[in-house]
Amino acid sequence: MPDYRHIRSERRGDVLVLTLDRPDRLNAAPPAMFDELRGALADLDGARAVLVTGAGRAFCSGADVGGGALAGDDPGKATFEALTKSYNPTIAAVAALPVPMVSAVRGPAAGIGCSLALAADFCVASETGYFLQAFVNIGLVPDGGASWMLPRLIGRARATEMMLLGDKVPAAKAFDWGMIHKVVADDALDAEAFALATRLAAGPTMALGLMRRGLAEALESDYAGAMLREAENQRTARGSADSAEGGQAFLEKRKAVFTGA
């Protein structure tokens, strides 16, 4: 694995585990952290699922606004460049992944950390987890795709509440809102999230990747266009070895063993 400064990358079976690794700063993210994440996501090396988590007692407390990378003589320009060159391309890389991704949230998932956590296919949070769009408190605006993502996840009224009031959304409330997949006890978070990632990694990888893409495209498509893309994706999936195995397993009344091919 590459020698990263701000993250840890570990292969556990078919799961690539990426850990934001600045626990002393609640994993506040400088642009370089997201560059490292993007590099890790570009080199799956056969991994069939990704798990993203945070070291210590936080997932990610947001962009590292105190680290100097977003300051300088023109902080507006520096922030724009950090978003367009580091943070946003990494969120886009998550969206374009050919395999499923799980995020495990303990403590704060704030700002760009909230965007990263919710960009995953499944977000599992511990009882200490919370989600925060605190930009209004410092005179800034949501970023990292939050203004696109949140209304689609929880509706306009709740997205407006998160953004314009800037209050914490505890994990239990986020689950009630349909923002996240599951809430678990704090000491169960790591095992639960990894078990989910392992389950996904054992699935039909090509089909799962096509599902991810189809869901994203359907949000911006009309009904007829969505059905056409489903047919195209079905044609692609039908040619995979996993599809053949799934069909044979059905006929033989046994559990399919998918290999990702």
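I take contact to mean heavy atoms within 4.5 Å, and I keep in mind throughout that the model I am reading is predicted.

**Entry 1, glycine 144.** I began with glycine 144, which I found in the loop that runs between strand E7 (130–132) and helix H4 (146–154). Is glycine 144 buried or exposed? Its relative accessibility is 4%, and because buried means under 20%, I entered glycine 144 as buried. I then looked up its contacts, leaving aside neighbours within four places in sequence, and noted Leu83, Asn88, Ile91, Ile112, Ser115 and Met149. For leucine 83 I also looked up the C-alpha to C-alpha distance to glycine 144, which is 7.3 Å in space, although the two residues stand 61 residues apart in sequence.

**Entry 2, the cysteines.** How many disulfides does the structure hold? I recorded 0 disulfides. Cysteine 114 is in no disulfide, and the nearest cysteine sulfur to its own belongs to cysteine 123, at 8.4 Å. Seen from the other side, the sulfur of cysteine 123 has its closest cysteine sulfur in cysteine 114, and I wrote down that the 8.4 Å between them is too far for a bond, because a disulfide needs the pair of sulfur atoms within 2.5 Å. As for accessibility, I noted that cysteine 114 counts as buried at 1%, and that cysteine 123 counts as buried at 4%.

**Entry 3, threonine 205.** Next I located threonine 205, whose place is in helix H8. At 9% relative accessibility I listed threonine 205 as buried. Once neighbours within four places in sequence are left aside, the contacts I found for threonine 205 are Arg48, Pro98, Val99, Asp242 and Gly260.

**Entry 4, helices H8 and H9.** Staying with H8, I looked up how this helix (residues 205–218) packs with helix H9 (residues 223–238), and noted an angle of about 170° with the axes 10 Å apart. Why do I call H8 roughly antiparallel to H9? The angle makes them so, because angles over 145 degrees count as roughly antiparallel. On the H8 side, I listed Met206, Leu210, Arg213, Gly214, Glu217 and Ala218 as making the contact, and on the H9 side Ala226, Arg229, Asn233, Thr236 and Ala237. When I sorted the residues of this contact of H8 with H9 by type, I had 5 nonpolar, 3 polar and 3 charged.

Methods. Residues are numbered from 1 along each chain as its sequence is written. This is a predicted model: local features need pLDDT of at least 70, side-chain atom pairs count only at pLDDT 80 or more; totals for chains, interfaces and linings use all residues. Side-chain values use heavy atoms; hydrogens and water are left out. Axes are lines fitted to C-alpha atoms, for helices over the stretch in contact, and angles run from 0 to 180 degrees between N-to-C directions. Helices (H or I, at least four residues) and strands (E, at least two) are DSSP runs, numbered from the N terminus. Angles under 35 degrees count as roughly parallel, over 145 as roughly antiparallel, 65 to 115 as roughly perpendicular and the rest as oblique. Ala, Val, Leu, Ile, Met, Phe, Trp, Tyr, Cys and Pro count as nonpolar, Asp, Glu, Lys and Arg as charged, and the others, Gly among them, as polar. Buried means under 20% relative accessible area, exposed over 50%, partly exposed in between (1.4 Å probe, protein chains only).
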